[in-house]
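Visitor: I should like to look closely at a single part of this model and to see how its surroundings are arranged.

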Amino acid sequence: MTQTVAVLGTGKIGEALLSGMIRAGWPTGHLLATTRRTDRAEELRTRYGVETVSNADAAKRADTLILAVKPQDMSKLLDELAPYVTADRLVISAAAGIPTSFIESRLAASTAVVRVMPNTPVLVDEGMSVISAGSHATAEHLTHTEEIFGGVGKTLRVPESQQDAATALSGSGPAYFYFLVEAMTDAGILLGLPRAQAHDLIVQAAIGAAVMLRDSGEHPVKLREAVTSPAGTTISAIRELENHGVRAALIAALEAARDRSRELASGNG
C-alpha cells in the first residue's frame, strides 16, 4: 500500500471509503482528500489525519484517483483533472450512470478507468460494490480497486454491460428494503402495536433473515418454506402478496430502475 490514493469528493460515500482504507491499513500519509468547503477540509484533517488538497493537486500527486462526486458534477471535475492526469494513473469512478468510455474520452489516451457502483451500506462496512473494467484497465487495476472497496463491504466484478442491472438491484436495493420496512411498520401499527415495537420486530426479522440467507447457502424458496406451515399464518399472508401482484411489481420496479440507469448513462438525465 505504498501508492498514494486521492478521494475526490468526500461526501458520505467518499468519507466512508477514506475511513475504510484507514481501517484496512492504508497509511494516512499516502491518502489525500478533496472537498469544496474549508470547514469540511478541516473536519477531515482532524478526524482522519489526512491531507486535504485541491482537485488539481490530487491529480498531480496521486497514483489512484477515486472520483466520488455526483454524476452531474463529473464533467466539470474531469475538466479540472485532464491537464494533470497522465496515462499511468488509475481513475476509479463511483458516480452512478457514468460509463468508463465517457471518462476515458476526457483524459489522456490509454488511461486506466474502473467503474464502481457502491451502495449506501458502505457507511456501516456492509456495502456491495460492483466493479467493471474500462478499456485499458488490467487485472491488477481491478485487484487494487477491490482492496480499496473491500474495506467497506463486499465486491463483485461484472462486465460493464451489466452495470445498469447491478445498479437496479444493488445500488438502489437498500431503498426497496427501507420501503418494505416502512410498509410493514405501518401494518404493525394497524394491527395494534406501538410504532417503536413494530419497528424493532421488523428490523430484527430483516437482520436475521439476511444473515440466514448469507450464511446458510440455502435457496430463499427453501428458507421461506421452512416458515410456511400448512394452513398457517404465513401462507395466508403470502397468498395476499401474490393476489396483489407484489412479485410482478418488484420485477417491474427493477426494470424501471435499470432503464433509468441506462438513460443517465446515455446523458438523457
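Visitor: What handedness does the β-α-β unit made by β5, α5 and β6 have?

Guide: The unit that β5, α5 and β6 make is right-handed (viewed with the strands pointing away, the path from the first strand over the helix to the second runs clockwise). The model is predicted, so local features need pLDDT of at least 70 and side-chain atom pairs pLDDT 80 or more, while totals for chains, interfaces and linings use all residues. Residues are numbered from 1 along each chain as its sequence is written, and side-chain values use heavy atoms, without hydrogens or water.

The setting comes first. The chain has 12 helices and 8 strands (DSSP runs numbered from the N terminus: H or I of at least four residues for helices, E of at least two for strands). Its C-alpha atoms fill a box of roughly 70 × 40 × 30 Å along the principal axes. The 8 strands form an open sheet of mixed pairing, in the order β3-β2-β1-β4-β5-β6-β7-β8 (a pair requires at least two DSSP bridges). Strands β3 and β8, the latter spanning residues 153-157, are the edges, each pairing on one side only.

Within the unit itself, β5 and β6 run parallel and are joined by 4 bridges. One register point is Ile92, whose bridge partner in β6 is Val114. On its other flank, β5 (residues 90-93) pairs with β4 (residues 64-67), again in the parallel sense and over 4 bridges. Here Leu90 in β5 is the bridge partner of Thr64, and Ile92 in β5 is that of Ile66. Ile92 therefore has bridge partners on both sides, Ile66 in β4 and Val114 in β6. From β4 the chain crosses to β5 through helix α4 (residues 74-81), and this β-α-β crossover is right-handed.

The connecting helix α5 covers residues 100-106 and holds Phe102. The relative accessible area of Phe102 is 28%, which makes this residue partly exposed (buried means under 20%, exposed over 50%, partly exposed in between, with a 1.4 Å probe and protein chains only). Leaving aside residues up to four places away in sequence, Phe102 touches Met74, Ser75 and Leu78 (a contact is heavy atoms within 4.5 Å). Phe102 also lies 9.7 Å from Ser266, C-alpha to C-alpha, although 164 residues separate the two in sequence.

Strand β6 closes the unit. All of its residues, 6 of 6, are buried, so the strand is largely enclosed by the rest of the structure. Ala112, Val114 and Val116 point one way, while Val113, Arg115 and Met117 point the other. In a regular strand, side chains alternate between the two faces of the sheet. Strand β4 likewise has both faces covered: Thr64 and Ile66 are buried on one side, Leu65 and Leu67 on the other.

Beyond the unit, the pairing sense changes from one side of β6 to the other: β5 and β6 are parallel, whereas β6 and β7 run antiparallel and are joined by 4 bridges. In that antiparallel pair, Arg115 stands opposite Ser132 in β7. On the far side of β4, β1 pairs with β4 in the parallel sense over 4 bridges, and Val5 stands opposite Thr64. Thr64 thus faces Val5 on one side and has Leu90 as its bridge partner in β5.

Helices pack on this sheet. Helix α1 lies across β1 (5-8), β2 and β4, running at about 170 degrees to β2 (angles run from 0 to 180 degrees between N-to-C directions, with axes fitted to C-alpha atoms, for helices over the stretch in contact). Helix α7 touches β6 (112-117) and β7 (127-133), and its direction makes about 175 degrees with that of β7. Helix α7 (residues 163-171) also packs with helix α8 (residues 173-190), at about 35 degrees and with the axes 5 Å apart. In this contact Ala168, Leu169, Ser170 and Gly171 of α7 meet Gly173, Pro174 and Tyr176 of α8.

Towards the β3 edge, helix α2 (residues 38-48) has Arg40, Ala41, Leu44 and Tyr48 buried. These buried residues pack against α1 (12-23), β2 (31-34) and β3 (51-52). Thr38 and Thr46 are exposed on the face turned away from the buried side of α2.

For the chain as a whole, 38% of the 269 residues count as buried. Among contacts between residues at least 6 apart in sequence, 61% join residues at least 24 apart.
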